[in-house]
Amino acid sequence: MKSKKISLNYEVYDSAEELTDDLRKLLKEAKLAIAKSYAPYSGFQVGAAARLVNGAMVSGANCENASYPLCICAEPATLAAAASAHPGVAVRALAISVKNKLRPVEKPTPPCGACRQMLVEHEDRFDQPIQLILQGGDETVYVFERVRDLLPLHFSGDFL
């Protein structure tokens, strides 16, 4: 029997001040996008900002619905904004910031499973890794060089 291990690699920074200027600006834009969030039921607000390979920056936020399955997460909202404003242009980096009106969210919050799948498919579509920058309520920042690291055994069109 062969045994394989999957490991998770990412960098942890004590604060956004340790990031490059570009990543700091992207994270700041994600925090500003939280104000666009519509989260009347959970109070869990998410803002995301993407830097495209052409240098453009777009942002999005989550949008809740009383019928929870109809909610839109910030990550696909941002991908849709990017695709609408810049068709055919890949995302190079995505920053995600969260705020919960009901209680503090201290640690960086990763995308949900469905969003991970959507982001990995975007990476595959453009053959371009998406650097992922995550920050919660404290100063700690997680940086992943690609979304695929969060979903190593992802489903793809190769199975179809």
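**Figure 1. Salt bridges in the predicted model.** The model contains 5 salt bridges, a salt bridge being a side-chain nitrogen of Lys or Arg within 4 Å of a carboxyl oxygen of Asp or Glu. The model is predicted, so local features need pLDDT of at least 70 and side-chain atom pairs count only at pLDDT 80 or more, whereas totals for chains, interfaces and linings use all residues. Residues are numbered from 1 along each chain as its sequence is written, and side-chain values use heavy atoms, with hydrogens and water left out.

**Figure 2. The salt bridge between Arg51 and Asp22.** The closest N and O atoms of Arg51 and Asp22 are 2.8 Å apart. Arg51 lies in strand S2 and Asp22 in helix H1 (residues 21–33), so this pair ties together parts that are 29 residues apart in sequence. Helices (H or I, at least four residues) and strands (E, at least two) are DSSP runs, numbered from the N terminus. Arg51 is buried, at 10% relative accessibility, while Asp22 is partly exposed, at 26%. Buried means under 20% relative accessible area, exposed over 50%, and partly exposed in between (1.4 Å probe, protein chains only).

**Figure 3. The salt bridge between Arg92 and Asp22.** Here the closest N and O atoms are 3.7 Å apart. Arg92 belongs to strand S4 and Asp22 to helix H1, so the pair ties together parts that are 70 residues apart in sequence. Arg92 is partly exposed, with a relative accessible area of 36%.

**Figure 4. The salt bridge between Asp149 and Arg146.** The N to O distance between these side chains is 2.9 Å. Asp149 is buried at 19% relative accessibility, and Arg146 is partly exposed at 35%. Elsewhere, Asp22, Arg51 and Arg92 are joined into one network by salt bridges that share partners.

**Figure 5. Surroundings of Gln45 in strand S2.** Gln45 is buried, its relative accessible area being 8%. Apart from neighbours within four places in sequence, Gln45 is in contact with Ile34, Ser37, Ala39, Asn62, Ser97, Val98, Lys99 and Lys101. Contact means heavy atoms within 4.5 Å.

**Figure 6. Helix H2 (residues 74–85) and its packing.** The end C-alpha atoms of this 12-residue helix are 16 Å apart, in agreement with the expected span of 16 Å at 1.5 Å a residue; that span is 1.5 Å times one less than the number of residues. The buried residues of H2 are Ala74, Glu75, Pro76, Ala77, Thr78, Leu79 and Ala82. These buried residues pack against strand S2 (44–52), strand S3 (57–61), strand S4 (91–100) and helix H3 (113–126).
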